[in-house]
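Me: I'd love a close look at one part of this model. Could you walk me through it at an easy pace?

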Amino acid sequence: MIRLTRDRDPDAVPAAFVGAARTKNEKRLVDQLPTTQFEFDGEIWKKAKPQLSNESADKCAYCESSTRVVAHGDVEHFRPKSVYWWLAYCLDNYSFACQICNQVHKRDQFGVDAIAMAPPANPSAGSLAPDPLDRDAVDTFLALCKAEKPRFVDPYVENAELFFAWRADDVLREVEMLPRNKSGAKRKRALATIDGLGLNREELRKVRYESYRPLALLASLYDKLHESDRPELCIAIGSLLEPSMPYAAMRRWFVHEVWALPVP
Ligand SMILES: [Zn+2]
């Protein structure tokens, strides 16, 4: 999991989430009040998919597997719409996730250490969620997100990479994901995220190893090469750490933290 940035270029934000269209979406929720069993229209959040998928380079925001070739990703509601109904059509509550992370593992799971968010006292269309192009409204919303301290790490709100570490097993040929910290809140949240999203499921451990192994072989050349040839190797390794690469956080962990190579 790496940090993701919301694209707020007016040309990138789908028209369905700004202006009159946004108000209309929220009216569909407000008109159902005082129900607690909302009916949602998935066609609305589907319109966010191209943007979300661009923001994460077609990778699942959680497990970093590529969805480019064999799977369609889902628009995932980080705060589940079954609880946070007023965020059902909130672009800032969405991420792009693979179907296994989203539908098999996370589902409606959530949990917060401090409740900081509630629907508006007098809900009206246009007041439920921030307009993604209104910087002040977005900042207020993101401050509430941080204050709420969710159990799961949010790649759009915090530097997700700093919560995790990885351990390779050359006998089992797999790479396990671990909390980076030995104690404290970050460790607790890392464990909750790994467990809740199934980030150590067998197929992921195996496929991460396939990504790790060639990198490890390349890194092992560093000490064998003449000093003058090392910068070229570091450039090659650096290209494998780009945010668009699958399992980029894991790759960076090994290169920077385990092998301590001078790769930018
Ligand atoms: Zn995933």
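Which residues are buried in H9?

Reply: Happy to take you through this part of the predicted model. The buried residues of H9 are Ala248, Ala249, Met250, Arg251, Arg252, Trp253, Phe254 and Val255. That makes eight of the eleven residues in the helix, so H9 is mostly covered, a residue being buried when 20 or more other C-beta atoms lie within 10 Å of its own. Among the elements that cover these buried residues are two strands, S3 (164-169) and S4 (174-179), together with two helices, H7 (202-220) and H8 (230-239).

Met250 is a good residue to zoom in on. It sits in helix H9, which spans residues 248-258. Met250 counts as buried because it has 25 C-beta neighbours inside 10 Å. If you set aside the neighbours within four places in sequence, the contacts of Met250 are Trp166, Val175, Arg208 and Tyr212. For a longer view, try Gln109: from Met250 it is 141 residues away in sequence and 25 Å away in space, C-alpha to C-alpha.

Following the chain past the helix, you come to Ala260, which has a positive phi, near 50°.

Now for the wider setting. The protein is divided into domain 1, residues 15-148, and domain 2, residues 160-258. Between the C-alpha centres of the two domains there are 29 Å. Twelve residues from domain 1 and eleven residues from domain 2 take part in the contact. On the side of domain 1 that touches domain 2, you will find five nonpolar, four polar and three charged residues.

How values were computed. Residues are numbered from 1 along each chain as its sequence is written. This is a predicted model: local features need pLDDT of at least 70, side-chain atom pairs count only at pLDDT 80 or more; totals for chains, interfaces and linings use all residues. Helices (H or I, at least four residues) and strands (E, at least two) are DSSP runs, numbered from the N terminus. A residue is buried if 20 or more other C-beta atoms lie within 10 Å of its own, exposed if 12 or fewer, and partly exposed in between; C-beta atoms are placed from the backbone. Two residues are in contact if their C-beta atoms, placed from the backbone, lie within 7 Å. Domain bounds come from an automatic or database domain assignment. Ala, Val, Leu, Ile, Met, Phe, Trp, Tyr, Cys and Pro count as nonpolar, Asp, Glu, Lys and Arg as charged, and the others, Gly among them, as polar.
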